[in-house]
Amino acid sequence: MAGLLVLGANQVALGDMLFILVSFIVLALLVKHFAWGPVTKMMDARSEKITGDLDYADQERSRAEKLAKEREDALKSSRAEAVEIVSKAKESGETQKKSIVSDAHSEAEEVRQRAKSDAAKAKEDAMAGAQNDIANLSLEIASKVISKELNADDQKSLIDSYIKELTVNEAK
């Protein structure tokens with residue numbers, strides 16, 4: 001009986017095992033048909049989203065690196081431009097300095113030339129005044145000569161005295 005009992009237990013276990021196996025296969029087919037597709041779609045979508053996010057992160061990182069490089073280049077360029085502007089300003093200042101000094105020298109030369117021409121004009125005016133004075137003296141001498149008859153020695157001494165007066169007046 002004990003042998004029969006063991007044989008019966010083996011048959012029950014075999015029957016249960018077949019039932020469990022068939023149930024597992026049916027359940028697996030049902031899961032594959034109804035749940036496996038949506039789960040794999042969800043997993044694929046999640047995988048694509050993660051891949052897309054990683055690609056986007058890579059693109060943004062490379063874009064950020066590119067922008068950082070452009071900013072660095074722009075900063076270098078602006079520094080170079082600043083140096084160039086400063087050097088041009090220095091050159092312009094030097095040019096203006098030279099121009100101002102040159103203009104000042106030109107003006108000084110013009111003032112000196114004007115002073116020379118004014119002095120020459122003053123000398124000419126003085127000479128013309130002296131000529132007028134000589135003409136007036138000559139007229140006075142002539143009128144005195146006419147009013148008084150002089151001999152040759154008196155005439156010579158009168159003219160010499162007037163000439164001495166002229167040289168004394170010119171020296172003043």
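Start with the whole chain as a surface. About 15,200 Å² is exposed, and carbon and sulfur atoms supply 63% of that area. Keep in mind that this is a predicted model. Buried residues account for 3% of the 172 residues in the chain.

Switch to cartoon. There are 2 helices and 0 strands. Helix α1 covers residues 2–147. Helix α2 covers 152–171.

**Stop 1: the nonpolar patch**

Select L14, M17, L18, L21, F24, I25 and L29. Together these residues make a nonpolar surface patch of about 750 Å². Show their side chains over the surface. Now pick L21, a member of this patch that sits in helix α1. Is L21 buried, partly exposed or exposed? L21 counts as partly exposed, because its relative accessibility is 46%, and the partly exposed class lies between 20% and 50%.

**Stop 2: D58 and R61**

Move along α1 and select R61 and D58. These two residues form a salt bridge, with 3.4 Å between the closest N and O atoms. Both lie in helix α1, and 3 residues, about one turn of the helix, separate them. Check how open each one is. R61 has 45% relative accessibility, so R61 counts as partly exposed. D58 has 39%, so D58 is also classed as partly exposed.

**Stop 3: E60 and R63**

Select E60 and R63 next. Here, too, is a salt bridge, its closest N and O atoms 3.3 Å apart. Why are E60 and R63 separated by about one helical turn? Because they are 3 residues apart in helix α1. Colour the pair by accessibility. E60 has a relative accessible area of 29%, so E60 is partly exposed. R63 is partly exposed as well, with a relative accessible area of 48%.

**Stop 4: E84 and K88**

Go on to K88 and E84. The closest N and O atoms of this salt bridge are 3.2 Å apart. The spacing in helix α1 is 4 residues, so about one helical turn separates K88 and E84. E84 is partly exposed, its relative accessible area being 42%. Now add E65 to the earlier selection of D58 and R61. Salt bridges with shared partners join D58, R61 and E65 into one network. For the whole model, the count comes to 9 salt bridges.

**Stop 5: the nonpolar core**

Finish where the two helices both contribute. Which residues make up the largest nonpolar core? Select L137, I141, L158, Y162 and L166: these are its 5 residues. Both α1 and α2 supply at least two residues of this core. Helix α2 gives the most, with 3 residues. In soluble globular proteins, nonpolar side chains tend to be buried together.

Centre the view on L137 and show its neighbours. Which residues does L137 touch, leaving out those up to four places away in sequence? L137 touches Y162 and L166. Both of these partners belong to the core, as does L137.

For a last view, show two selections at once: the surface patch that includes L21 and the core that includes L137. Label L21 as partly exposed, at 46% relative accessibility. Label the core residues, among them I141 and L158. Then return to the cartoon, with its 2 helices and 0 strands.

Methods. Residues numbered from 1 in each chain as written. Predicted model: local features only at pLDDT ≥ 70, side-chain atom pairs only at ≥ 80, totals over all residues. Heavy atoms only, no water. Patch = residues over 30% accessible without salt bridge, like charges linked within 9 Å, V, L, I, M, F, W, Y side chains within 5 Å. Areas by Shrake-Rupley, 256 points an atom, 1.4 Å probe, with all protein chains shown as cover. Salt bridge = Lys/Arg side-chain N within 4 Å of Asp/Glu carboxyl O. Buried < 20%, exposed > 50% of the residue type's maximum accessible area, 1.4 Å probe, protein only. Core = buried A, V, L, I, M, F, W, Y, C linked by side-chain atoms within 4.5 Å. Contact = heavy atoms within 4.5 Å.
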